[in-house]
Structures are given as structure tokens and as C-alpha cells.
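Good morning, everyone, and thank you for making time. Please bring up the sequence and the model on your screens, and follow along as I go from the overall picture to a few side chains.

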Amino acid sequence: MWRRWGLFRQFKLNVIRLARIQSHTDAVARGLALGVFIGFSPTLGIQLILAIVLAMLLRQNKLATFIGVWVTNPLTAPFIYGLEYEVGRLLLRMPPIYSKHFFDLHLSWHMGAKVILPLCLGSLVLGIPAAIITYALGVRFVPVLRTWKIPRWPRRR
């Protein structure tokens, strides 16, 4: 049953792609770290485009960067962005946002201004260590991953 779930299939395909990259281990780890850093940024919707452009400008492995961006997927994005907001809010010593009013345009601009600054600060505070950890794990894990024989899933008849 779990094989039909698209997220598990996508994760397995990304692991296979990562194992098949024909680049130096350090280059793959740097690309992964760049992708994770961009994945932690509050640029939901344009992350993949931003990742490929930055990988081209910084001459990093594009496929590894693309795979690293998948750290924020539909299951993890609410947790990551919520944690980034809370970390940024605590560092800026801002009160939490509460509203008893009906949602209107003025309220949305006011609340948006109170959310974006803590979210950006939190993404930097959490994204930099996440990228460093990803690089360190990537340097160690990619050679091991290349030795694995990942079996194909059996096909339905």
C-alpha cells in the first residue's frame, strides 16, 4: 500500500538520483547544502527556480541542489516555517499574532508585515546550520549511498 503514495516514491527516486550523480562527493555535498539552505528560505513557490539559478551562478551541482530543496515538501513545510517564525519572533522579542477581528485587506497587510521579518530571520538562523549539517552528512553519506544496490519495486500484474 505505501508504494502507491507519491511522497515515498518521490523520496526513493531522489535517493536514486543522488546515488547516480557522477560528480565528486564534495561537489554533491555542496549542492545539497545549497538546496537545503534555499529550502529553508521563505520563498515557497519559487524555490526550485531560485535553486537552479543560484546553482548555475555559484557553479554547484544542479541536480544535488534540486534534491536538497525537497527538504520542504508538503509534509514538512508547515513545521519548518512554523519553527522559523517562532525562532525569529523570539529573537526579535515580538509578541505572538492574535486577531479577534474579521479578516480584511488592512488586517492582512498588517499581519503580513509582522510575519515576514521573523520568518526571514528564523530562516537564516535555522537555514545556515541546516546547510552546514547537510554538507557534513553529505560528504560522509554520498559515498556510502553509491555502494548501495537499491532494488526496484515489484510491478503489479
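The secondary structure of this protein, which is a predicted model, consists of six helices and zero strands, so that reading along the sequence gives the pattern α-α-α-α-α-α. Of its 157 residues, 34% count as buried, and the accessible surface comes to about 11100 Å², with 70% of that belonging to carbon and sulfur atoms. If we take the contacts between residues at least 6 apart in sequence, 75% of them join residues that are at least 24 apart.

Let me turn to helix H4, which covers residues 62–69. At its N-terminal end Asn 61 acts as a cap, with a side-chain oxygen lying 3.1 Å from the backbone nitrogen of Leu 63. Within H4, the buried residues include Ala 64, Thr 65, Ile 67, Gly 68 and Val 69.

Next comes helix H5, residues 77–92, and here we can do a small check together: what should its 16 residues span, at 1.5 Å a residue? The expected span is 22 Å, and the end C-alpha atoms are 22 Å apart, which agrees. Several residues of H5 are buried, among them Ala 77, Ile 80, Tyr 81 and Tyr 85, and Glu 84, Val 87 and Gly 88 are buried as well. After H5 comes Arg 93, whose phi is positive, near 55°.

Now to the charged side chains: how many salt bridges does the structure hold? There are two, and I will take them in turn.

In helix H2, residues 25–40, Asp 26 and Arg 30 sit four residues apart, about one turn of the helix. They form a salt bridge in which the closest N and O atoms are 3.1 Å apart. Asp 26 has a relative accessible area of 23%, and because buried means under 20% and exposed means over 50%, Asp 26 is partly exposed. Arg 30, at 34%, also counts as partly exposed.

The other salt bridge belongs to H5, where Arg 89 and Glu 86 lie three residues apart, again about one turn of the helix. Their side chains meet at 2.7 Å, N to O. Is Arg 89 buried or exposed? With a relative accessible area of 11%, Arg 89 is buried, whereas its partner Glu 86, at 33%, counts as partly exposed.

Conventions: Residues numbered from 1 in each chain as written. Predicted model: local features only at pLDDT ≥ 70, side-chain atom pairs only at ≥ 80, totals over all residues. Heavy atoms only, no water. Buried < 20%, exposed > 50% of the residue type's maximum accessible area, 1.4 Å probe, protein only. Helix = DSSP H or I, 4+ residues; strand = E, 2+ residues; numbered from the N terminus. Polar contact = N/O pair within 3.5 Å; in protein donor to acceptor, adjacent residues only side chain to side chain. Expected span 1.5 Å × (residues − 1). Salt bridge = Lys/Arg side-chain N within 4 Å of Asp/Glu carboxyl O. Contact = heavy atoms within 4.5 Å. Areas by Shrake-Rupley, 256 points an atom, 1.4 Å probe, with all protein chains shown as cover.
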